[in-house]
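Please walk me through this structure, taking a few of its helices and loops in turn and explaining how the parts sit against one another.

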Amino acid sequence: MANLISDMARSVGLPKLKSAAALLTKRLPIPQPLLWVGPGASGRLGQAIGDFAHQRVLIVTDAVIASLGLMAPLTDALTAAGTPFVVFDQITPDAPIPQIEAGIAVFTGQGCDAIIAFGGGSVIDAAKAIGLSAANGRHPRDLVGYFKGRHGPAPLYAVPTTAGTGSEVTVAAVISDPETGSKLLIADTRIVPDMAALDPCLMTGLPQAITAATGMDALTHAIEAYVGGWGTATTDRLALAAVALVYRYLPLAWRDGQDLQAREKMALASTYAGLAFTRANVGNVHAIAHQLGGKYHLPHGLANAIMLPGVLRFSLPATVTKLAALALRAGVGQAHEGTETLADRFLDSVEALNDSLGIPRLLDALREDDIPALAEAACWEADANYPVPRRMTQEACEALLRAVLPPKAPRTRAPRKTPKPAGNAAPASRAARPKVRR
């Protein structure tokens, strides 16, 4: 009975709140960063940053990027401009709060007055959280939610090294709380970076699995922004462009990681999708993926990719016309075909694209016992935040999760003497120290 009452309250009260949010979102001024695009863009961004005579810049990145020397064009440009910087390379996937706290300490302790995020979505989100927390003298947990800070962050610049999150143009920062195993959202228009560099040279070394997952992340952003209820003419145009680019260039980037044109086009697709969903928002795929990421530490793009086909089929009754339009832009149907046929073609094409990129159809980490709690959390997130085309009930969400649940191993009679398999210990990670350059 308690679940029924809660479900009724959400279905009656929250739509009114989201209608008001939709009006606000369409009118809210959201800044867009100045973009530097093409091979060598990171170095050109470094030259532009040098023009602002910052006292010291904090470069937020991860240990792998720092060790590969990918930042050299940027840091060489800063050095040539006489701009001191300090490198903080301790960020790991999902940006746990203790790492944000450490970054704040470096920012304040080194007297920094600007931040450069150099890395994937977790790095950029961490930089946003560091900047906003430092500017307000508050713990990151205190800023979770919408517009919780009194002051905006110091100037923020971004250099994405993956093509998927779109974080270089969004108002959101997702960080994780290791104490609760949950992901937390900080949203504020002031954390959109001032400038960003889309440099395909930084993405040529990405493994196929990361290329696939991040690319499908961008596709999910674009699709959910387009089929949701908060789209505008501008967000629809951006979302459709992103879908067309992903369908054409993601397979090329996946097959040949050195294809600079494909990498650049995927970087643009990610940015277009980011611009679309930062105003039109996302939907049920993200609501579920966030729970899977928090519970199993699954990469966000991979979680999106696995859930996308099933959620799109669930939403089909409310999205036929829009899915047909997506089929045409993706190049998987012809204009003379009927709307329902085109919608089916697009649904089939998403599944086929996943298969061609090696995305699994089932989630090995998922456990049956976890499904009710995961579904409840996903429904709450979607109900409270997203303009979904079709609302999930607890039962519907559980069914979507069970559709990606691996089958149970068949019961067989074990031999009398079965040696126990030796366990494999995970290698310990070494946190890198901040590196100061003058």
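Which residues in helix 13 meet which residues in helix 14? In this predicted model, Ile371, Pro372, Leu374, Ala375, Glu376, Ala378 and Cys379 in helix 13 meet Gln394, Cys397, Glu398, Leu401 and Arg402 in helix 14. Two packed helices are described by the angle between their axes and by the distance between those axes. Here the axes of helix 13, which covers residues 371-385, and helix 14, which covers residues 394-402, come within 9 Å and cross at roughly 120°. Because angles from 65 to 115 degrees count as roughly perpendicular and those over 145 as roughly antiparallel, helix 13 is oblique to helix 14. The crossing of helix 13 and helix 14 is right-handed.

Helix 9, made up of residues 260-280, can be followed from one end to the other. At the N-terminal end, helix 9 is capped by Asp259, which places a side-chain oxygen 3.2 Å from the backbone nitrogen of Gln261. Along its length, the 21 residues of helix 9 should span 30 Å at 1.5 Å a residue, and the end C-alpha atoms are indeed 30 Å apart, so the expected and the modelled spans agree. Since 16 of these 21 residues are buried, helix 9 is largely enclosed by the rest of the structure. After helix 9 comes Asn281, whose phi is positive, near 75°, although Asn281 is a residue other than glycine. Asn281 lies in the loop between helix 9 and helix 10 (284-296), and with a relative accessible area of 17% it is buried.

A positive phi also appears in another loop. Asp94 has a phi near 75°, again in a residue other than glycine, and its place is in the loop between strand 3 (85-88) and helix 5 (97-109). With a relative accessible area of 17%, Asp94 counts as buried, because the cut-off for that term is under 20%.

Is His54, in the loop between helix 2 (41-50) and strand 2 (57-60), buried or exposed? At 10% relative accessibility His54 counts as buried, and its surroundings can be listed by name. Leaving aside neighbours within four places in sequence, His54 is in contact with Ile49, Thr83, Pro84, Asp113, Ala114, Pro155 and Tyr157. With Tyr157, His54 also forms a side-chain polar contact of 2.9 Å. The C-alpha atoms of His54 and Phe85 are separated by 9.2 Å, while the two residues are 31 residues apart along the chain.

How values were computed:
Residues are numbered from 1 along each chain as its sequence is written. This is a predicted model: local features need pLDDT of at least 70, side-chain atom pairs count only at pLDDT 80 or more; totals for chains, interfaces and linings use all residues. Side-chain values use heavy atoms; hydrogens and water are left out. Helices (H or I, at least four residues) and strands (E, at least two) are DSSP runs, numbered from the N terminus. The expected span of a helix is 1.5 Å times one less than its number of residues. Buried means under 20% relative accessible area, exposed over 50%, partly exposed in between (1.4 Å probe, protein chains only). A polar contact is a pair of N or O atoms within 3.5 Å; within protein, one must be able to donate a hydrogen and the other to accept it, and residues adjacent in sequence count only if both atoms are side-chain atoms. Axes are lines fitted to C-alpha atoms, for helices over the stretch in contact, and angles run from 0 to 180 degrees between N-to-C directions. Angles under 35 degrees count as roughly parallel, over 145 as roughly antiparallel, 65 to 115 as roughly perpendicular and the rest as oblique. A crossing is left-handed if the near helix is turned anticlockwise from the far one by less than a right angle, and right-handed if clockwise. Contact means heavy atoms within 4.5 Å.
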